[in-house]
Amino acid sequence: MGRALSVEDFEVVARRRLPRPLYVYIASAAETGASLADNRNALAEWGFIPRVLAGVSGRTTETSLLGHRYDAPIGIAPMGISALMALDGDVALARAAFQHNIPMVLSGSSLTPMEEVFNANPDCWFQAYVPGEEAKILGLLDRVRATGFKTLVTTVDTAVLANRENNIRSGFSTPLRMTPRLAWDFASHPGWLLGTMARTILRRGMPHFENSYAERGAPIMSRNVMRDFGRKDHLTWEHLRLIRSRWPGKLVVKGVLAPEDVQRVVLLGGDGVILSNHGGRQLDGAISPLRILPRVVEVAGAMPVMIDGGFRRGTDILKALALGASFVFVGRPFLYAAVAGGSSAVEQAIAILKTELHRDLGLMGRSCLSELDASALYRL
């Protein structure tokens, strides 16, 4: 990993290490991949107007969010089944984030009990996929609160299961079905098979969805696994209001794009939003959140507006901050790093992004992130 010069370098290693269906699960998106592509295209449409002779020797990338001071405005986005991709993947991501003082969001579709991840990083956030069922919502909230989480992220853009045909073509399914093709893909990648899958089963047994609800979910190879993803099409603003009334900590709503929906989150008493098209994995053709960011910032008022989707470089992060984002979350590159080298590789990936951001801030002629605004950008 010492040869990695950018976070994209970890993908090369992860692609070799992972069986093809697992790599495709991480890398691909819904249908044509239009939203996935637009996340990068939107970033490419902005150029910088740097200032000079500004005396930037004392610059800092530190920033505050939701009452916590972080080393940089970078967080690890929630990613499901990370522990199937990398040995103890959720814990590896959490430990690296803790070491670098950035937020990590544990996915509700994770395979590691939330209590174990929280012990590794008591500052991490929990992301919930909740159904439109009051009893299940309240049970999960009780468990998350008892564990000790202070920030809850509710993802609201998964009312219907997306058409991820690329996963099906590659041989990945939910539940995971052991076909001759999948068995060959696993067997032809002995590093992952022995170093991740076999060690996981020996230590924990067959992986389960551990954090969907208050109780343990189904195994990843069980025919009953789809029940853990049901009834999300019943979810309404009334359920979010219920969550706000019962959750005493910070409440962040993830997966919004429309300014009108952001206004409703403000009125409901949310503490922040994460603009997201789910990395292109839900509605194909949904715009990049960067395109709507300035309009959302206008209606959000004092509420922090965070963002994810396609961020790979320090310059990408600066563009979002200049357009009004409070924080940027990065997903796939950090999971690739966990696959490539565990927690130490994730730490390296975080360090690369932090170094880029610190360097690029100086090249922009700014000493702190609050000096960035739209005047630093030019629409190409």
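Q: Why is Asp88 called buried in this predicted model?
A: Asp88 has a relative accessible area of 17%. Buried means under 20%, so Asp88 counts as buried.

Q: What makes Asp88 and Arg204 a salt bridge?
A: The closest N and O atoms of Asp88 and Arg204 are 3.3 Å apart. The cut-off is 4 Å between a side-chain nitrogen of Lys or Arg and a carboxyl oxygen of Asp or Glu, so the pair qualifies.

Q: Why can this pair be said to tie together parts of the chain?
A: Asp88 sits in the loop between helix H4 (82–85) and helix H5 (89–100), while Arg204 belongs to helix H10, so the bridge ties together parts that are 116 residues apart in sequence.

Q: Is Arg204 buried, exposed or partly exposed, and why?
A: Its relative accessibility is 31%. Partly exposed lies between the 20% limit for buried and the 50% limit for exposed, so Arg204 is partly exposed.

Q: Which residues do salt bridges with shared partners join into one network?
A: Asp38, Glu45, Arg291 and Arg379 are joined in this way.

Q: How do you know that Arg291 and Glu45 form a salt bridge?
A: Their closest N and O atoms are 2.9 Å apart. A salt bridge needs these atoms within 4 Å, so Arg291 and Glu45 meet the condition. The two are 246 residues apart: Arg291 is in helix H13 (residues 289–300), and Glu45 is in the loop between helix H3 (34–44) and strand S1 (46–48).

Q: Why is Arg291 called partly exposed?
A: Arg291 has a relative accessible area of 32%, and partly exposed covers values between 20% and 50%. Its partner Glu45, with 25%, is partly exposed too.

Q: What makes Arg69 and Glu62 a salt bridge?
A: Their side chains meet at 3.5 Å, N to O. That is within 4 Å, so the definition is satisfied. Arg69 is partly exposed at 44%, and Glu62 is partly exposed at 40%.

Q: How many salt bridges does the structure hold?
A: There are 17 salt bridges.

Q: Now to helix H9: which of its residues are buried?
A: In H9 (residues 180–187), Leu182, Asp185 and Phe186 are buried.

Q: Why are they said to lie on the same side of H9?
A: Around the axis they cover an arc of only 100 degrees, which puts them on the same side of the helix. The face turned away from that buried side carries the exposed residues Pro180 and Trp184.

Q: What do the buried residues of H9 pack against?
A: They pack against helix H2 (20–27), helix H8 (165–170) and helix H10 (190–204).

Note on methods:
Residues numbered from 1 in each chain as written. Predicted model: local features only at pLDDT ≥ 70, side-chain atom pairs only at ≥ 80, totals over all residues. Heavy atoms only, no water. Buried < 20%, exposed > 50% of the residue type's maximum accessible area, 1.4 Å probe, protein only. Helix = DSSP H or I, 4+ residues; strand = E, 2+ residues; numbered from the N terminus. Arc of directions from axis to C-beta. Contact = heavy atoms within 4.5 Å.
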